[in-house]
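Hi there,

Here is the structure I promised to pass on to you. Have a look at it first, and then read on for what turned up in it.

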Amino acid sequence: GRSPPVLAALSQVLRLERSRRVGIVFPLQKLERYLLPGTDTTQFRLFQPDLAALQRAEALFKSSRDHAIDYVSSAVRMDHAPVLALPEVCFIGRSNVGKSSLIRALFSLSPEVEVRVSKTPGHTKKMNFFKVGKYFTLVDMPGYGYRAPQDFVEMVEAYLKERHNLKRTFLLVDGVTGLQKTDHIAVEMLEEFGIPYVMVLTKIDRASKGILLKNVLEIQDFVKEKSQGCFPQLFLVSSLEFSGVHLLRCFVAHVTGNLPTVEAS
């Protein structure tokens, strides 16, 4: 199989000098130096796991003989979805937001897991289910907006309403463009159904510090003022540089009940 990229492993990140190490594991905190004095950064540190928790989460995303990580199946309707009792998380976002790339980065220590990534927006047309051992299921949802499947709304609404083992929805937002109109529609749907969700800012390696900081602050204000079900901390990721991937693995492990000692609401 393919060899995982170097920084996909936490042990390699820990060898970096401190500033770069913090930037990889906690990219949101790296932005603090650019904020005006007195700016409230409480929302930057709500979920701040220790090294043991990060290592435990990494182990969950690394397949072994006794811990298989497998693509289970795809579905275009809920009656085609696998019947799974495990805790579940799903990833949703606009077409070309980097959703499949992020899922591949999360599973990068298990290179045998096939997560198809295309240069063509709207590649994911079905709900793709991945089983992570006996611990949880991860679902790659079709992208909305440009080139979304015709039955996207029916498919996603039915999933969100009926999937009782769904523990958290990860709403991906482009780090360069920030929240778009189509993202607001997705937020409204999640809020209407009372689905707990978290926002993930993708492609942060492509955004300048100024643009990234602007988008972070605007989204955090939006979450504070206009959302009920969104976790207040924003997660920043780069699937290319692995920034934020280790922290996101840890948050997935936590919300699926596999890191009960880590504090997060």
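Let me start with one residue: Asn215 counts as buried, because its relative accessibility is 4%, and buried means under 20%. Please keep in mind throughout that this is a predicted model. Asn215 belongs to helix H8, which covers residues 209-226. Leaving aside residues up to four places away in sequence, Asn215 is in contact with Gly175, Val176, Thr177, Gly178 and Leu201.

Leu201 leads on to the strands. In strand E7, Leu236 is the bridge partner of Leu201. Strand E6 (residues 197-202) pairs with E7 in the parallel sense, over 2 bridges.

Now for the whole chain. The protein chain contains 9 helices and 7 strands. Its radius of gyration is 17 Å, close to the 18 Å that the globule rule gives for 265 residues, so the chain is as compact as a globular protein of that length. The C-alpha trace spans about 55 × 45 × 35 Å along its principal axes. Of the 265 residues, 54% are buried. If you take the contacts with a separation of 6 or more, 75% of them come from residues 24 or more positions apart.

On the outside, the protein chain exposes about 12,700 Å², and carbon and sulfur atoms supply 50% of that area. As for charge, there are 34 positive and 27 negative side chains, with the centres of the two sets 6 Å apart.

How are the strands ordered in the sheet? The sheet is open, its 7 strands run in the order E1-E3-E4-E2-E5-E6-E7, and the pairing is mixed. At the edges are strand E1 (69-75) and strand E7 (235-236), each of which pairs on one side only.

Strand E2 deserves a closer look. All 6 of the 6 residues of E2 are buried, so this strand is largely enclosed by the rest of the structure. Both of its faces are covered: Glu88, Cys90 and Ile92 are buried on one side, and Val89, Phe91 and Gly93 are buried on the other. E2 pairs in the parallel sense with strand E4 (residues 136-140) over 4 bridges, and Glu88 stands opposite Thr137 in E4. E2 also pairs with strand E5 (residues 166-174), again in the parallel sense, over 6 bridges. There, Val89 stands opposite Arg168 in E5.

Some loop residues are worth a visit too. Most residues other than glycine have a negative phi. Asn96 is not a glycine, yet its phi is positive, at about 75°. Asn96 sits in the loop between strand E2 (88-93) and helix H5 (99-106), and it counts as partly exposed at 46% relative accessibility. Lys203 also has a positive phi, near 55°. Lys203 lies in the loop between E6 and H8, and at 14% relative accessibility it counts as buried.

Is Leu36 buried or exposed? Leu36 is exposed, because its relative accessible area is 68%, and the cut-off for exposed is over 50%. You will find Leu36 in the loop between helix H3 (27-30) and helix H4 (51-60). From Leu36 to Arg206 there are 170 residues in sequence and 23 Å in space, C-alpha to C-alpha.

Enjoy exploring, and best wishes!

Note on methods
Residues are numbered from 1 along each chain as its sequence is written. This is a predicted model: local features need pLDDT of at least 70, side-chain atom pairs count only at pLDDT 80 or more; totals for chains, interfaces and linings use all residues. Side-chain values use heavy atoms; hydrogens and water are left out. Buried means under 20% relative accessible area, exposed over 50%, partly exposed in between (1.4 Å probe, protein chains only). Contact means heavy atoms within 4.5 Å. The radius of gyration is taken over C-alpha atoms; the globule rule is 2.2 Å times the number of residues to the power 0.38. Accessible areas come from the Shrake-Rupley method with a 1.4 Å probe; for residues, only the protein chains shown count as cover. Lys and Arg count as positive and Asp and Glu as negative; His and the chain ends are not counted. The place of a charge is taken as NZ of Lys, CZ of Arg, CG of Asp or CD of Glu. Two strands pair if DSSP finds at least two bridges between them.
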